[in-house]
Amino acid sequence: YFKLLCSIGFKHIEVGFPSASQDEYDFIRLLIEKNHIPDDVYIMGLTQMRPHLIERTIEAFDGCKRGIIHAYIAPSDLHMKQVFDLTSDELIKTAVDSTKMIRNLVDRMPDSDIRYEFSPEEFTDTSIDFSIKLCNEVFQAWEKATPEKQIIFNLPATVERRLPNEYADMIELFSRKINNRDSILISLHAHNDQGMAVAATELALMAGADRVEGTLFGHGERTGNVDL
C-alpha cells in the first residue's frame with residue numbers, strides 16, 4: 001500500500017502514529033531500515049504534545065532521510081477547559097515547550113532532513129485570533145523555518161460543523177494575518193460530518209491554502225476525511 005501511494009505520486013505520506021502502538025512503530029522502522037522510501041518522499045509520523053510520546057516518535061525516525069514530525073494540540077475553549085484543564089497561556093506554553101523539544105531532538109539527526117508540522121486541532125472551533133497567536137509562538141519556537149524549508153501549519157475542520165465558505169473565510173484570514181507567511185505551508189484537513197469536505201477543501205485552496213491532507217476514498221473518523 002505504501003508503494004502504491006508512492007507510485008501514484010504522493011510526496012508527503014503519513015505512515016503512522018509510532019507512539020500509539022508497537023505495530024506502527026515497527027512499520028516505520030521497516031520502511032527506513034529496508035530502504036523502501038523514495039528519495040523525494042517525506043514520511044510523516046503523528047504525535048500528541050506529550051514528552052514521552054514525542055521521544056518515542058523521534059526514535060522511530062532514526063536514520064530517516066526525509067521526514068515530517070506532525071504534532072497537534074486542541075486549542076478550542078471547550079477542549080482547553082474540559083479535557084486539558086489549562087488556561088490559554090498554559091496551552092501556548094505546552095505547545096512551545098513541545099516544539100522546542102522536537103527541535104532539539106531533531107538537531108541530533110544532522111544527516112536527516114526532518115521538517116515540522118503543527119496542527120491546532122479543532123481550528124474551526126477556535127478563535128481565529130488565538131489560533132494565529134498560537135501558531136506565531138510555535139513558529140518562533142521551531143526556529144528552523146525558511147522559505148526553502150517551510151513549517152507546515154495544518155488547520156483542521158476536526159468536526160465539520162461549518163459551511164465550506166466559513167472554513168475558507170477562516171483560512172483566508174489566517175493566511176493574511178499570520179507572520180512570516182513565505183516560510184509557512186498552510187495545510188487543510190477537512191472532515192466530512194456534513195458531507196462537504198471536498199467542497200470545503202476546494203474553497204479553502206482558492207482562499208490561499210497550499211496543501212491538502214486527506215485519505216484515499218475518504219476513509220477516516222465518523223463520516224471520514226476529505227476524499228483525495
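**N180 and other sites in a predicted model**

Biologist: Between which two elements does the loop with N180 lie?

Modeller: The model is a predicted one. In it, N180 sits outside the helices and strands, in a loop that follows helix 7 (164-177) and leads to strand 6. The two elements are therefore helix 7 and strand 6.

Biologist: What is the phi of N180, and is N180 buried or exposed, or something in between?

Modeller: N180 has a relative accessibility of 35%. That value falls between the limits of 20% and 50%, so N180 counts as partly exposed. N180 is not a glycine, yet its phi is positive, at about 55 degrees.

Biologist: Where is F217, and what is its phi?

Modeller: F217 belongs to the segment after strand 7. Its relative accessibility is 66%, which is over 50%, so F217 counts as exposed. F217 is a residue other than glycine with a positive phi, near 65 degrees.

Biologist: How many helices and strands does the chain have?

Modeller: Helix 2 (residues 22-33) and strand 5 (residues 151-157) are among them. The full count for the chain is eight helices and seven strands.

Biologist: What radius of gyration does the chain have, and what would a compact globule have?

Modeller: The C-alpha atoms fill a box of roughly 45 × 35 × 35 Å along the principal axes. For 228 residues, a compact globule would have a radius of gyration near 17 Å. The chain agrees with that value, at 17 Å.

Biologist: What share of the contacts with a separation of 6 or more joins residues 24 or more positions apart?

Modeller: One pair that far apart in sequence is G224 and H191, which are in contact. Over the chain, residues 24 or more positions apart account for a share of 74%.

Biologist: What percentage of the residues is buried, and how much of the exposed area comes from carbon and sulfur atoms?

Modeller: Of the 228 residues, 52% count as buried. The chain exposes about 11,100 Å². Carbon and sulfur atoms supply a part of that area equal to 50%.

Biologist: How far apart are the mean positions of the positive and negative charges?

Modeller: The chain carries 24 positive and 37 negative charges. Each set has a mean position, and the two are separated by 4 Å.

Biologist: Which residue makes a side-chain polar contact with H191, and is H191 buried or exposed?

Modeller: H191 lies in the loop between strand 6 (184-190) and helix 8 (197-206). Its relative accessible area is 5%, which is under 20%, so H191 is buried. Leaving out residues up to four places away, H191 touches A157, T158, E160, A197, E221, R222, G224 and N225. Its side chain makes a polar contact, at 3.4 Å, with the side chain of H189.

Biologist: How far apart in space are G224 and A197?

Modeller: G224 is found in the segment after strand 7 (211-213), and with 1% relative accessibility it counts as buried. Beyond its neighbours within four places in sequence, G224 is in contact with H191, N192, G218 and H219. G224 and A197 are 27 residues apart in sequence, and their C-alpha distance is 8.9 Å.

Biologist: G220 is in the segment after strand 7 as well; how far is G220 from K177 in space?

Modeller: G220 is partly exposed, with a relative accessible area of 47%. G220 and K177 are 43 residues apart in sequence. From C-alpha to C-alpha, the distance is 31 Å.

Biologist: With which side chain does the side chain of N154 make a polar contact?

Modeller: N154 is found in strand 5. It is buried, because its relative accessible area of 1% is under 20%. Apart from its neighbours within four places in sequence, N154 is in contact with residues including H70, E117, F118 and R211. The polar contact of its side chain has a distance of 2.7 Å, and the partner is the side chain of S187.

Biologist: What separates the C-alpha atoms of Y25 and T57?

Modeller: Y25 is in helix 2 and is buried, at a relative accessible area of 10%. Not counting residues up to four places away, Y25 touches P18, R56, E59 and A60. Y25 and T57 are 32 residues apart along the chain, and the separation of their C-alpha atoms is 7.9 Å.

Conventions. Residues numbered from 1 in each chain as written. Predicted model: local features only at pLDDT ≥ 70, side-chain atom pairs only at ≥ 80, totals over all residues. Heavy atoms only, no water. Helix = DSSP H or I, 4+ residues; strand = E, 2+ residues; numbered from the N terminus. Buried < 20%, exposed > 50% of the residue type's maximum accessible area, 1.4 Å probe, protein only. Polar contact = N/O pair within 3.5 Å; in protein donor to acceptor, adjacent residues only side chain to side chain. Contact = heavy atoms within 4.5 Å. Rg over C-alpha atoms; globule rule 2.2 N^0.38 Å. Areas by Shrake-Rupley, 256 points an atom, 1.4 Å probe, with all protein chains shown as cover. Lys, Arg positive; Asp, Glu negative; His and termini not counted. Charge placed at Lys NZ, Arg CZ, Asp CG, Glu CD.
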